[in-house]
Amino acid sequence: MLTTTYKPVKTLLLTALIGIQGLQGNAQTKPGTTEITKWQYGKTGAVSLTYDDGSMNQFRKALPVMERLKMPATFFIITGSIPASKYHGKFIGRPVKDIIKESATVPTNDQNFFERCSAAGYLGYMGTIAAHTQAGSLYDSGKKEKAFKVLDDIYAKARNGELKPGYEPNDEFKQSIGSTWNDFRKDAAEGYEFASHSITHPSMPGLDEPNLLWELEKSKADILAQLGPKHTFSAECPYGFENDRVMGYALKIYPALRNRMPEPWLKEIDRASKQTPGSTDKDYIQWQRGATTKTPLPMMKLWVDTTLNHTNTWLVLVFHGIDGMGYEALPSNLLDEYFQYIKSKNDKLWVATFGDVTRYMREREHGKAVASPIGNTIQVKVSHSLDGKMYYLPLTLKTYVSSNWTSATVTQGSKSKKISTAKDDQGTYVLYQAQPNEAVVTLKKG
């Protein structure tokens with residue numbers, strides 16, 4: 001008797017589907033197909049180590065750790081505390097004695113708040129900077145009446161002779177005293193970024209236009225004169241404020257602002273947010289995290305692991321005090337262990353300065369790579385539409401080549417390098433660096 005065995009329809013369909021998937025898995029992407037990778041060197045994500053205020057222990061204790069591990073970082077520095085700086089804290093406006101006198105009969109209100117708050121630190125008495133800082137913070141959070149009262153109280157004390165004559169800067173300024181421009185030039189030559197954190201670390205939501213511009217523009221002017229244009233790219237307005245009015249001024253002066261950097265392709269999660277990276281229609285996520293004395297090391301390591309579990313995340317770490325000096329001071333031995341953990345993920349994480357990650361993302365978003373197979377070579381033209389004086393980083397290109405290539409010689413201008421090929425589920429490819437808006441890149445087998 002002849003026996004016939006029938007396969008269920010589902011099994012037949014599954015077999016056919018597996019066959020199709022197998023053919024697709026073996027498909028070779030057309031040679032010459034080129035993309036600009038999301039992160040430099042084709043890494044999975046990016047990390048930036050950033051420090052606020054420039055307190056001395058950041059350079060005495062944290063910098064040597066990063067130097068040993070060869071990890072770059074960005075220091076947001078208070079320029080008015082550095083010897084040889086040209087610009088220092090001052091009040092720009094009418095004589096403060098006139099403002100003090102007026103305060104006896106005219107209470108602080110919306111019309112005079114910014115002038116009084118700007119002048120508060122320069123009344124000629126000790127302790128008035130603290131009132132300026134508090135009033136600016138309260139005003140930014142919408143507590144206007146409380147902000148007005150803080151100023152009314154300090155001006156009353158100034159009128160009544162209740163304050164000791166003199167000038168006392170805030171703690172952030174005092175703790176930043178000690179570094180020199182020569183120190184910063186030496187460290188900048190090793191790849192560290194020094195960026196503006198204003199002249200005196202004021203509460204910028206409380207400043208009027210002339211005094212806000214003084215703090216923003218003159219800090220930049222000193223950095224330009226001492227360190228050059230590369231270090232005038234980034235800034236952080238003190239206390240992390242994202243005040244709309246302040247951001248409107250600051251974003252016109254500094255291309256990369258850690259407070260806020262609105263881009264259609266960037267989702268920002270600030271360090272106060274409990275949100276974590278997830279699904280988004282943006283190409284990139286900037287995820288800021290600020291470790292405090294209460295942040296356990298496992299949590300800090302989890303931030304790194306979370307970044308590795310996505311392909312679009314830029315982890316921006318914010319540090320302040322180190323070894324008892326500065327806000328929320330962390331022990332340097334904890335940072336040593338943490339930085340070693342980050343370094344151990346070097347194969348997947350691109351650790352770079354705040355400015356360089358910003359540059360790379362923008363170059364990629366405004367760039368294009370056009371490839372043309374010509375004979376036995378592939379020629380690639382990479383370009384972007386940005387100002388080359390500010391945006392000069394090489395881009396990482398991924399070009400698919402014929403499956404019989406085991407290596408490729410990559411040439412751009414006078415530079416040439418032999419690179420081994422690699423494979424993914426799309427085929428054989430070469431990963432290489434190319435300088436935008438310069439000579440055509442030529443890829444040749446072997």
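This briefing walks through the overall build of the chain, two helix packings and a set of salt bridges. The model is predicted, so please read every value below as computed from that model. The chain has 446 residues, and buried residues make up 50% of them. Its secondary structure comprises 13 helices and 18 strands.

**Overall build**

- Along its principal axes, the C-alpha trace of the chain spans about 115 × 60 × 40 Å.
- If you count contacts in the chain between residues at least 6 apart in sequence, 71% of them join residues at least 24 apart.

**Helices α8 and α9**

- Helix α8 covers residues 181-188 and helix α9 covers residues 209-227; their axes lie 10 Å apart, and the packing angle is about 65 degrees.
- The two helices, α8 and α9, are therefore roughly perpendicular to each other.
- The crossing in which α8 passes α9 is right-handed.
- On the α8 side, the contact is made by Trp181, Phe184 and Arg185, which meet Asp222, Ile223, Gln226 and Leu227 of α9.
- Sorted by class, this contact of α8 with α9 has four nonpolar residues, one polar residue and two charged residues.

**Helices α4 and α6**

- Helix α4 (residues 113-120) and helix α6 (residues 144-159) have axes that come within 11 Å and cross at roughly 50 degrees.
- That angle makes α4 oblique to α6.
- Here the crossing, with α4 passing α6, is left-handed.
- From α4, the residues Phe113, Arg116, Cys117, Ala119 and Ala120 take part, and they meet Ala147, Phe148, Leu151, Asp152 and Tyr155 in α6.
- By class, the contact of α4 with α6 has eight nonpolar and two charged residues, with no polar ones.

**Salt bridges**

- The count of salt bridges comes to 19; three of them are described here, beginning with Asp336 and Arg68, whose side chains meet at 2.7 Å, N to O.
- This pair links distant parts of the chain, with Asp336 in helix α12 (residues 332-343) and Arg68 in helix α2 (residues 56-69), 268 residues apart.
- Asp336 counts as buried because its relative accessibility is 16%, under the 20% cut-off.
- Its partner Arg68 has a relative accessible area of 48%, so Arg68 is partly exposed.
- Arg94 and Glu115 also form a salt bridge through their side chains, at 2.7 Å from N to O.
- Arg94 sits in the loop between β3 (74-77) and α3 (96-102), while Glu115 belongs to helix α4; the pair links distant parts of the chain, 21 residues apart.
- With a relative accessible area of 33%, Arg94 is partly exposed.
- Lys149 and Asp153 provide another salt bridge, with a side-chain N to O distance of 2.9 Å.
- Both Lys149 and Asp153 belong to helix α6, and because they are four residues apart they are separated by about one helical turn.
- Asp153 is partly exposed, as its relative accessible area is 34%.

**A shared network**

- Salt bridges that share partners join Arg94, Glu102, Glu115, Arg116 and Asp152 into one network.
- Two members of this network, Arg116 and Asp152, also appear in the packing contact, where Arg116 is in α4 and Asp152 is in α6.
- Glu115, another member of the network, is in helix α4 as well.

Technical notes. Residues are numbered from 1 along each chain as its sequence is written. This is a predicted model: local features need pLDDT of at least 70, side-chain atom pairs count only at pLDDT 80 or more; totals for chains, interfaces and linings use all residues. Side-chain values use heavy atoms; hydrogens and water are left out. Axes are lines fitted to C-alpha atoms, for helices over the stretch in contact, and angles run from 0 to 180 degrees between N-to-C directions. Angles under 35 degrees count as roughly parallel, over 145 as roughly antiparallel, 65 to 115 as roughly perpendicular and the rest as oblique. A crossing is left-handed if the near helix is turned anticlockwise from the far one by less than a right angle, and right-handed if clockwise. Contact means heavy atoms within 4.5 Å. Ala, Val, Leu, Ile, Met, Phe, Trp, Tyr, Cys and Pro count as nonpolar, Asp, Glu, Lys and Arg as charged, and the others, Gly among them, as polar. A salt bridge is a side-chain nitrogen of Lys or Arg within 4 Å of a carboxyl oxygen of Asp or Glu. Buried means under 20% relative accessible area, exposed over 50%, partly exposed in between (1.4 Å probe, protein chains only).
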